[in-house]
Amino acid sequence: MSKRKSISYSQFSQWDKCPYMWKLNYVDRLSVFTDNIHTLFGTSMHQVLQEYLRVMYTKSIKEADQLYLDEMLEDRLKINFLEIVKENGGVEFCTKDQMVEFYADGVKIIDFFKKKRNQYFSKRGYELLGIETELDYDLDKNIKFRGFIDLIIKDTVRNRIKIIDIKTATHGWNKYQKVDKNKTDQLLLYKQFYSKQSNHPIERIEIEYFIVKRKLWENTDYPQKRVQKFVPANGKPSINQVVKRLDEFMTECFNSDGEYNTEYIYKKEASKKNCRFCDFNQTKYCDAGVK
């Protein structure tokens, strides 16, 4: 049997938005994705917050608080930037001014997080089970689902597990983003496959998006926080719905041996939302795009 093909949530979510865009990226291999300041900042901020929590749970809160997180963020931004530039053949993808602005935003997030950490993460009654825990679950058609869970924390008192995904956002998630299944279904699949992979009862697994904001709204009378927590509906009906869509994705896009289905006519889902950040919008590859 040939080597199993891996799929990720990002691949599934791209198909879920627009099957034709997925086809151009994966079947035709026309992907032109390049990193930007937002992806660089997101990766770097993940690494800093995860290191703080690793030290906090495996050593002590005191040692975690003594970490030079501002300097760590600056180092991660520089190191990650240089690695990406090297991979892209020397092409720089953001400006120095952007780096300075995003670093300053990150310092404000770190300052808030350290001052308010006990509102979000406690050591008493909790233990860290994993950081960047790999999901590697075998599906049908010689395909496996792969992903990495940012944080897994166990409530030792209630014997429950919480899967946490760290997100960076400009102003947090608004009401439209919170109901966007393409954005929130990621943790539903992670919950499903982590339960199967770890043999932990799914009803004893909780999920949470931990969203850190770069900017606060100006001229508002309401107190604002740099951190926003969001828990989407994740009961059995919600999970069954996204698993059904994943099955449809596999049926439509893969042959019985796990190879891409090159004969299928993939639908173009043109809309302002889908086309806005599509690399193929208004190009020779797609004539259905919306400006």
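Me: At what angle do helix α1 (residues 9-17) and helix α8 (residues 181-198) pack, and how far apart are their axes?

Reply: In this predicted model, the two helices pack at an angle of about 145°, and their axes lie 10 Å apart. Their crossing is right-handed. On the α1 side the contact involves Tyr9, Phe12, Ser13, Asp16 and Lys17, which meet Lys181, Asn182, Lys183, Asp185, Gln186 and Leu189 of α8.

Me: Why are α3 and α5 called oblique to each other?

Reply: Helix α3 (residues 37-58) and helix α5 (residues 69-87) pack at an angle of about 140°. Angles over 145 degrees count as roughly antiparallel and those from 65 to 115 as roughly perpendicular. The angle of about 140° falls in neither class, and α3 and α5 are therefore oblique. Their axes are 9 Å apart, and α3 passes α5 in a right-handed crossing.

Me: Which residues bring α3 and α5 together?

Reply: From α3 the participants are Leu40, Phe41, Thr43, Ser44, Met45, Gln47, Val48, Glu51 and Tyr52. They meet Leu69, Met72, Leu73, Arg76, Leu77, Asn80, Phe81 and Ile84 in α5.

Me: What makes Thr168 partly exposed?

Reply: Thr168 has a relative accessibility of 27%. Buried residues are under 20% and exposed residues over 50%, so Thr168 counts as partly exposed. The residue lies in strand β4. Setting aside residues up to four places away in sequence, Thr168 touches Phe41, Gly42, Met45 and Val212; Phe41 and Met45 are also among the α3 residues that meet α5. Between the C-alpha atoms of Thr168 and Asp65, which are 103 residues apart in sequence, the distance is 22 Å.

Me: How do you know whether Ile164 is buried or exposed?

Reply: The relative accessible area of Ile164 is 2%. The limit for a buried residue is under 20%, so Ile164 is buried. Ile164, too, is found in strand β4. Not counting residues up to four places away in sequence, Ile164 touches Phe121, Ile149, Asp150, Leu151, Ile153, Glu208 and Phe210. Ile164 and Ile207 are 43 residues apart along the chain, and their C-alpha atoms are separated by 5.9 Å.

Me: What makes the aromatic pair of Trp173 and Tyr209 tilted?

Reply: The structure holds 26 aromatic pairs. In the one formed by Trp173 and Tyr209, the centres are 5.1 Å apart and the planes stand at 45°. Stacked pairs need planes under 30 degrees apart and edge-to-face pairs over 60, so the pair of Trp173 and Tyr209 is tilted. The pair links distant parts of the chain, with Trp173 in the loop between β4 (160-169) and α7 (175-178) and Tyr209 in strand β5 (residues 205-213), 36 residues apart. Trp173 is buried at a relative accessible area of 7%, and Tyr209 is buried at 0%.

Me: Why is the pair of Phe280 and Tyr285 called edge-to-face?

Reply: The planes of Phe280 and Tyr285 are at 85°. Because edge-to-face requires over 60 degrees, the pair qualifies. The centre-to-centre distance is 6.0 Å, and rings pair within 6.5 Å. Phe280 counts as buried at 3% relative accessibility, whereas Tyr285, at 34%, counts as partly exposed.

Me: Which residues do ring pairs link into a cluster?

Reply: The cluster consists of Tyr9, Phe12, Trp15, Trp22, Tyr26, Phe249, Phe254, Tyr260, Tyr264 and Tyr266. Tyr9 and Phe12 are also among the α1 residues that meet α8.

Me: How do you know that the charged end of Lys5 sits over the ring of Tyr260?

Reply: The charged end of Lys5 lies 4.3 Å from the ring centre of Tyr260. The distance limit is within 6 Å, so this part of the criterion is met. Similarly, the charged end of Lys268 sits over the ring of Tyr20, 4.6 Å from its centre.

Me: What makes Asn199 and Asn219 exposed?

Reply: Exposed means over 50%. Asn199 has a relative accessibility of 71% and Asn219 a relative accessible area of 82%, so both count as exposed. Asn199 lies in the loop between α8 and β5, and Asn219 in the loop between β5 and β6 (227-230). Phi of Asn199 is near 60°, a positive value in a residue other than glycine; phi of Asn219, near 55°, is also positive.

Notes. Residues are numbered from 1 along each chain as its sequence is written. This is a predicted model: local features need pLDDT of at least 70, side-chain atom pairs count only at pLDDT 80 or more; totals for chains, interfaces and linings use all residues. Side-chain values use heavy atoms; hydrogens and water are left out. Helices (H or I, at least four residues) and strands (E, at least two) are DSSP runs, numbered from the N terminus. Buried means under 20% relative accessible area, exposed over 50%, partly exposed in between (1.4 Å probe, protein chains only). A charge sits over a ring if NZ of Lys or CZ of Arg is within 6 Å of the ring centre and within 35 degrees of the ring normal. Axes are lines fitted to C-alpha atoms, for helices over the stretch in contact, and angles run from 0 to 180 degrees between N-to-C directions. Angles under 35 degrees count as roughly parallel, over 145 as roughly antiparallel, 65 to 115 as roughly perpendicular and the rest as oblique. A crossing is left-handed if the near helix is turned anticlockwise from the far one by less than a right angle, and right-handed if clockwise. Contact means heavy atoms within 4.5 Å.
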